[in-house]
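Trainee: Could you walk me through how helix packing gets described here? I'd like to see where the words come from.

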Amino acid sequence: MNDSVAAVALPRLMRIGPGAAGQLGEVLRSLGLARPLIVTDPYLAGNGTARQLVADLAAQAIPATVYDRTRPDPTTTSVQGAVTVLAEGDFDCVVGLGGGSPMDTAKAVALLGTTGRPMRDYAAPTVTDTPALPLIAVPTTAGSGSECTRYTIITDDSGDTDEKMLCAGLAFLPTAALVDPLLTLPMPARLTADTGIDALTHAIEAYVSRRANPFTDGLALTALTAIARSLRTAYAHPDDLQARATMMLASTQAGMAFSNASVALVHGMSRPVGAHFHVAHGLSNAMLLPTVTAYSVPAATSRYADCARAMRLVGEAGSDEAAADALVAELRALNTDLAVPGPARHGIDPEQWERMTPTMARQALASGSPANNPRVPDQAAIEELYRSLMA
């Protein structure tokens with residue numbers, strides 16, 4: 001854990017609970033905003049969620065335009081389409097409606113719409129605190145925590161690297177977040193599982209990160225307790241609003257934690273998998289989490305043991321080693337219960353996986369996230385971890 005002064009950044013205001021999304025107009029007015037561009041995806045445009053938001057705003061004399069062409073794993077090209085719409089209109093803010101991908105797109109648009117520079121200029125290790133258009137986040141999944149983080153991830157498709165660029169800084173931190181569990185009720189089981197394990201990964205990595213601090217520790221452990229109690233229920237019983245609300249709040253808490261403590265090796269290795277094999281971010285995290293945790297435990301056994309105790313996997317008595325072993329066993333069991341496939345079962349060709357392993361390892365290291373891990377790997381170690389997933 002980092003014992004130096006903690007630098008903490010959070011949204012200016014948040015509304016959390018069932019019905020929070022319906023307060024968007026009130027929140028916009030409180031911020032002096034009145035001309036939003038809503039950035040979302042085709043699914044949320046088609047199922048009426050975006051339409052309801054527009055209708056609520058219209059009833060309050062706030063005109064809104066919807067850009068609904070975001071794509072999973074947004075790219076520099078796909079983001080540019082939304083930037084063009086922003087430039088052609090008279091907008092004073094951006095509303096990100098959706099899961100991690102629409103939110104990442106909205107964050108990029110809010111910045112690029114004010115600077116006109118290419119996204120590559122903002123890739124890690126650059127930290128961008130430049131003012132951007134006000135961004136209001138309305139998440140519809142319980143996983144990314146993007147509504148309260150100062151990160152966005154955009155794939156650079158301008159060349160042949162397909163690198164998932166981690167971009168960090170206050171420029172990507174939403175001004176406000178409306179966290180409404182009612183919006184998560186339509187989530188299918190696969191998305192519930194993948195986003196839930198994404199939130200779990202955020203909480204664990206924030207707690208064991210070399211940049212962890214007392215502020216983030218409390219959020220991470222609270223999120224771990226809630227996720228352990230509710231993720232399987234939300235997956236098996238999607239209409240259980242209590243489980244959905246618990247997961248939604250835990251996702252936000254885990255987002256606050258990792259935004260201020262950073263993620264680590266799982267995320268560093270996950271982004272290249274998503275970029276090169278088009279695996280959803282939460283799913284690639286889930287594929288990696290048990291194996292990377294087992295690799296990392298020897299360097300921070302007591303911290304991983306704290307995670308196990310927060311998840312109620314063991315009691316307070318007993319050794320840290322036994323508790324950490326219980327955590328790894330639970331992560332493997334959770335993947336089984338939530339039907340998480342490995343790379344081969346997901347349909348990834350083993351030869352292509354092997355061919356891309358050195359590139360993925362290089363890109364993982366370049367992101368900076370592995371340096372936050374308790375056990376800091378070199379390229380050879382990362383390559384071996386990748387290969388073990390295909391074994």
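**Two helix pairs**

Mentor: Sure, start with helix α6 (residues 189-208) and helix α10 (residues 281-296): they pack at an angle of about 60 degrees, with axes 8 Å apart. This is a predicted model, where local features need pLDDT of at least 70 and side-chain atom pairs count only at pLDDT 80 or more, while totals for chains, interfaces and linings use all residues. Residues are numbered from 1 along each chain as its sequence is written, and side-chain values use heavy atoms, leaving out hydrogens and water.

Trainee: Why are α6 and α10 called oblique to each other?

Mentor: Angles under 35 degrees count as roughly parallel, over 145 as roughly antiparallel, 65 to 115 as roughly perpendicular, and the rest as oblique. The angle of α6 and α10 is about 60 degrees, so the two are oblique.

Trainee: Which residues of α6 and α10 make the contact?

Mentor: Contact means heavy atoms within 4.5 Å. From α6 come D194, I197, D198, L200, T201 and I204, and from α10 come H281, G282, L283, N285, A286 and L289. They divide into six nonpolar, four polar and two charged.

Trainee: What about helix α9 and helix α13: what angle do they pack at?

Mentor: Helix α9 (residues 265-277) and helix α13 (residues 350-366) pack at about 130 degrees, with axes 9 Å apart. That makes this pair oblique, therefore. On the α9 side, the contact uses G268, M269, P272, V273, H276 and F277; on the α13 side, Q352, W353, M356, T359, M360, Q363 and A364. Here the split is eight nonpolar, five polar and no charged.

Conventions. Axes fitted to C-alpha atoms, helices over the stretch in contact; angles between N-to-C directions. Helix = DSSP H or I, 4+ residues; strand = E, 2+ residues; numbered from the N terminus. Nonpolar A, V, L, I, M, F, W, Y, C, P; charged D, E, K, R; others polar.
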